[in-house]
Amino acid sequence: GELTINGITKTVVLDVDYHGVAIDNSDTTRAGISATGSIRRSDFVINFDAPLGMDGMLISDKVAIELEIQLVPAG
């Protein structure tokens, strides 16, 4: 899909796992999906590199994306 941050749009590829469909205790149908991927902050001109905490580590350029999604019918 397309992701826009800081006015810059890039294509982001996510690995998707479909976990199936189930009906819960209130008779609502739910589908489960997980998605993972990553982006680089520098691709979106995010240049914040301040030290974090006492260990002196910097924020990584690579940012992990992890999504856990439940889909339910509208209405």
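Strands here are DSSP runs of E with at least two residues, numbered from the N terminus. Keep that in mind, because what you have open is a predicted model, where local features need pLDDT of at least 70, side-chain atom pairs count only at pLDDT 80 or more, and totals for chains, interfaces and linings use all residues. Residues are numbered from 1 along each chain as its sequence is written, and side-chain values use heavy atoms, with hydrogens and water left out.

**Stop one: L67.** Select L67, which sits in strand β7. It is partly exposed, at 34% relative accessible area (buried is under 20%, exposed over 50%, partly exposed in between, with a 1.4 Å probe and protein chains only).

Now add L14, V16, I69 and L71: together with L67 they make a nonpolar surface patch of about 380 Å². Patch members have over 30% relative accessible area and no salt bridge, with nonpolar side chains joined within 5 Å and like charges within 9 Å; a salt bridge puts a Lys or Arg side-chain nitrogen within 4 Å of an Asp or Glu carboxyl oxygen. β7 gives the most to this patch, three residues.

**Stop two: D15.** Next, pick D15 in strand β3. D15 counts as exposed because its relative accessibility is 56%. Add D17, E66 and E68 to see the negative surface patch they form with D15. Strands β3 (15–23) and β7 (62–71) each give two or more residues to that negative patch.

**Stop three: R41.** Finally, go to the loop between β4 (29–40) and β5 (51–52), where R41 is found. Is R41 buried or exposed? It's buried, with a relative accessible area of 9%. Show S60 too: the R41 side chain reaches the backbone oxygen of S60 at 2.8 Å.

Conventions: Areas by Shrake-Rupley, 256 points an atom, 1.4 Å probe, with all protein chains shown as cover. Lys, Arg positive; Asp, Glu negative; His and termini not counted. Charge placed at Lys NZ, Arg CZ, Asp CG, Glu CD. Helix = DSSP H or I, 4+ residues; strand = E, 2+ residues; numbered from the N terminus. Polar contact = N/O pair within 3.5 Å; in protein donor to acceptor, adjacent residues only side chain to side chain.
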